[in-house]
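Good morning, everyone, and thank you for making room for me today. I would like to walk slowly through one structure, so please have a look at it before I begin.

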Amino acid sequence: MFKRRKEKFREREIPFSCSSSIMAATQTLLLLAAVILFLSGKAHGFLPLFTFDGNSSTHRDITQRAVLRKTAEACRDIAAAEGRDFSLTINDNLSVEQVQSACSSSSSSSTTSLLSTVMFQTSIAKMYFSNAIVDVILALSEDHHFDDETFQGGRDVITTGVFAVKESVKEENFVAGRWMLGQICHTLQDFYSHSNWVELGNSAPYSALIKPDQPLENLAGPTTPTCRNCTGGKCTDNLLPELLQQNLLTSGYFNIFSSAKPAGKCSHGGFFDRTSQQDPVGGINKDYIGSSHGSFHQIAADLAVNATMELLEDIRVSIGDKNFLRLMGLSQSSVLCFVIDTTGSMSDDIAEAKRVSFSIIDSKRGTQQEPSAYILVPFNDPGFGPLLMTTNADLFKENINKLTANGGGDIPELCLSGLQLALTAAPPSSEIFVFTDAPAKDAHLKSTITALIESTKSVVTFMLTDVLSSRRRRRNATSRTVSQSDAQLYRDLAEASGGQAIEVTKADLSLATSVIEDSSASALVTVFQVARNPGKPDNFTFTVNGSLRNMTAYITGTSSLTFSLIGPTGISQSSSLSAGPLASLTTVGNLRRLNLNADNQTGLWEISVNSNDPYSLKVTGLSSVNFIYNLVEAHEGAHGDFSLKEGRPLSGGNASLLVTVTGSDTIKVTEVTLVDSSGPTEVNGSLKVLGSGNYLVTFLNIPAGNFVVRLRAEDSAASRSTSALSSFQRQASTKLKTSSISLTVRTFS
């Protein structure tokens with residue numbers, strides 16, 4: 001539905017993550033900021049994300065319904081072609097989990113679909129967020145909303161966008177294709193809300209909108225009257241009878257500045273539309289139940305779903321079923337991404353990277369856990385790259401096989417430049433592994449890397465060999481050491497992303513790369529994670545229920561670090577035991593890896609860490625239940641709604657998260673907390689249930705800090721069993737950092 005802007009003067013704060021002086025901003029920058037802020041409050045079309053009247057459909061609802069139905073149809077047809085059963089009934093009540101389960105092959109285990117479920121939900125979210133952003137960045141474009149009878153312009157937006165989506169798929173850039181797809185779906189869906197297609201009695205989509213070779217017929221001429229005044233505040237019959245008799249197509253005019261419009265033309269309608277105040281008064285939009293033609297709202301929404309499915313089918317036929325499922329995010333498992341130092345002393349590291357990548361490829365090829373893409377970025381000095389991103393495992397093998405260790409000059413290398421290249425190419429929520437034995441020559445990129453980590457929610461783990469040890473260097477064979485401050489840069493970036501900085505000798509690297517194989521499991525979830533810098537002795541607890549298995553804990557720290565583990569039954573195990581009643585322990589370099597025993601994992605666990613040096617703790621497991629979150633911001637207006645928020649929340653301000661639980665429909669979220677990773681600060685959010693596993697979480701007066709999102713929930717299915725623990729927790733990996741700088745701009749809104 002639409003949300004139109006009020007014309008009043010207001011203030012708005014924009015958080016900045018840089019530390020430059022606001023006083024130095026130019027007049028041009030202020031003007032651009034004012035324009036952007038002005039547009040950001042005006043939503044356009046079906047409400048973008050949420051409706052609180054309980055009956056209206058939003059762009060989010062329409063997009064998700066269409067994606068789930070068309071994805072299920074594609075999987076059904078694939079199953080029929082392969083002679084497999086497909087038992088799912090395809091209707092408008094499908095869930096992400098149902099479609100994922102039905103599309104999985106019958107040989108899949110219950111743990112192979114989680115990452116695809118998370119990625120499927122994430123991909124759908126990206127599509128409806130890009131759909132909603134049209135109401136922000138293109139709010140005044142008639143073409144993007146089919147306002148002012150701009151039917152040719154609207155179709156051009158759609159067909160040009162469809163071409164761009166197909167080209168993105170050809171380039172295997174599914175992220176860009178998905179983002180564009182969401183935006184063109186917005187324009188297509190708005191046609192059914194803004195035009196009189198429904199009032200003309202049509203029960204099928206207008207296929208010419210997605211087919212540039214078909215004529216747009218029966219359009220009302222520029223001087224043809226289309227409406228008469230609404231009477232008594234009701235607009236049920238304001239379309240001219242002769243317009244309907246001649247089957248002429250029109251759409252409403254809309255302007256927030258002026259009431260001028262061509263004589264006799266319909267308006268969009270609504271409080272913010274000034275043209276609706278001029279004869280003929282009123283409007284014809286069907287944005288929500290209470291709008292001018294709200295009685296036609298649900299018919300328009302259903303037609304928008306069918307039209308979106310028709311658009312998806314056109315793309316599916318063009319790109320093929322396999323690429324279509326990848327575009328939807330269904331078949332997108334984890335990406336295997338390596339960033340590798342190729343300077344002279346890295347021969348052993350490169351050999352180990354080859355070994356572990358080949359092992360993962362060979363063991364997962366042809367399964368649902370096969371990586372969806374392979375990314376390789378070499379770096380050296382003075383160069384880095386080129387980037388290889390491919391879905392061809394053999395091509396990845398061929399290129400990593402070609403890597404050799406040579407050159408390098410001075411000790412520091414362009415590590416962060418290589419990492420930056422990987423972060424910009426990899427899909428969101430990727431896990432990236434960096435192999436190096438040298439400090440970063442481009443440490444000035446730390447803030448840029450941190451911002452990329454935050455925006456992509458990617459996890460970065462550094463495999464650091466021979467840190468602080470002598471090192472035979474490239475050309476001059478001078479013995480040098482990597483300082484603690486050099487290593488700390490990598491630790492800071494790993495901590496910001498939820499990854500680890502693993503420091504081992506070259507001889508022991510093969511023992512540490514088990515972390516890479518652990519992370520390639522498609523059902524991996526983070527239960528708990530914390531870092532202490534400076535270090536201090538501390539006790540940490542986390543709750544586990546029956547949905548979790550194959551638990552692993554990772555502790556990094558100096559050799560003097562000790563710990564004890566206490567299980568749910570009170571049994572304890574110290575760090576001196578490599579095999580005890582609770583876990584088996586492997587120590588390599590600064591890493592302690594604990595495989596928790598399969599028995600008696602449910603309940604409250606405690607880990608006590610004793611160290612005054614910096615350390616980190618991470619607990620993972622395999623589970624079908626996880627969550628995703630996105631930072632959103634509210635818009636003012638008659639139908640207050642939300643859109644995706646870019647950047648960081650403001651210190652001392654409020655923030656909202658859209659939290660979505662994946663993998664189960666029996667989960668009730670009880671608490672969402674922002675936990676400061678460096679101290680005891682916790683900020684509890686207030687929960688608003690939105691349905692279908694979605695929650696709007698609002699935080700007030702967030703203090704300055706680096707936070708992670710922790711979720712606690714109850715499983716109603718488990719609670720019905722007296723022997724099963726129903727409460728559990730999950731934690732997001734990437735830190736959410738606040739900003740202390742804001743710009744206040746006064747704008748008309």
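**A walk through the sheets, helices and loops**

Let me start with a pair of strands: S15 and strand S16, which covers residues 591–596, pair in the antiparallel sense over 6 bridges. Within this pair, Leu585 stands opposite Leu594 in S16. When I say that two strands pair, I mean that DSSP finds at least two bridges between them, and when I name helices and strands, I mean DSSP runs, numbered from the N terminus, with H or I over at least four residues for a helix and E over at least two for a strand.

Before going further, I should say that this is a predicted model, in which local features need pLDDT of at least 70 and side-chain atom pairs count only at pLDDT 80 or more, while totals for chains, interfaces and linings use all residues. Residues are numbered from 1 along each chain as its sequence is written, and side-chain values use heavy atoms, with hydrogens and water left out.

The pair I began with belongs to an open sheet of 5 strands, whose order is S10-S18-S12-S16-S15 and whose pairing is antiparallel. Which strands form its edges? They are strand S10, residues 524–532, and strand S15, residues 583–588, each of which pairs on one side only. From one strand to the next, the twist averages 15°, and for angles such as this one, axes are lines fitted to C-alpha atoms, for helices over the stretch in contact, with angles running from 0 to 180 degrees between N-to-C directions.

Now to another sheet, which is open, has 6 strands in the order S4-S3-S2-S5-S6-S9, and shows mixed pairing. Strand S4, residues 388–390, and S9 stand at its edges with a single partner strand each, so one side of each is left without a neighbour in the sheet. Helix H11, residues 393–401, packs on this sheet and touches strand S2 (336–341), strand S3 (374–379) and S4, with a direction that makes about 15° with that of S3. At the S9 edge, strand S6, residues 459–465, pairs with S9 in the parallel sense over 4 bridges, and the bridge partner of Thr465 in S9 is Val504. From strand S9, residues 501–504, Ala501 and Glu503 point one way while Ile502 and Val504 point the other way, and all are buried. Here buried means under 20% relative accessible area, exposed means over 50%, and partly exposed lies in between, using a 1.4 Å probe and protein chains only.

Let me turn to the helices. Helix H2, residues 59–81, and helix H8, residues 297–319, pack at an angle of about 40°, with their axes 9 Å apart. H2 and H8 are therefore oblique to each other, since angles under 35 degrees count as roughly parallel, over 145 as roughly antiparallel, 65 to 115 as roughly perpendicular, and the rest as oblique.

What about single residues inside the chain? Gln121 lies in helix H4, residues 114–137, and is buried, with a relative accessible area of 6%. Leaving aside neighbours within four places in sequence, Gln121 is in contact, meaning heavy atoms within 4.5 Å, with Gln64, Val96, Tyr128, Ile628, Thr660 and Thr662. Ser193, in helix H6 (residues 174–194), is also buried, with a relative accessible area of 0%.

Finally, a few backbone details in the loops. Most residues other than glycine have a negative phi, and most peptide bonds are trans. Against that background, the peptide bond from Gly385 to Pro386 is cis, with omega near 5°, and Pro386 lies in the loop between S3 and S4. The bond from Asn533 to Pro534 is likewise cis, with omega near 5°, and Pro534 sits in the loop between S10 and strand S11 (538–544). Phi of Glu172 is near 60°, a positive value in a residue other than glycine, and Glu172 is partly exposed, with a relative accessible area of 27%. Lys457, although not a glycine, has a positive phi of about 55°, and is found in the loop between helix H13 (446–456) and S6.

To close with the whole chain, there are 17 helices and 29 strands, and of the 749 residues, 58% count as buried.
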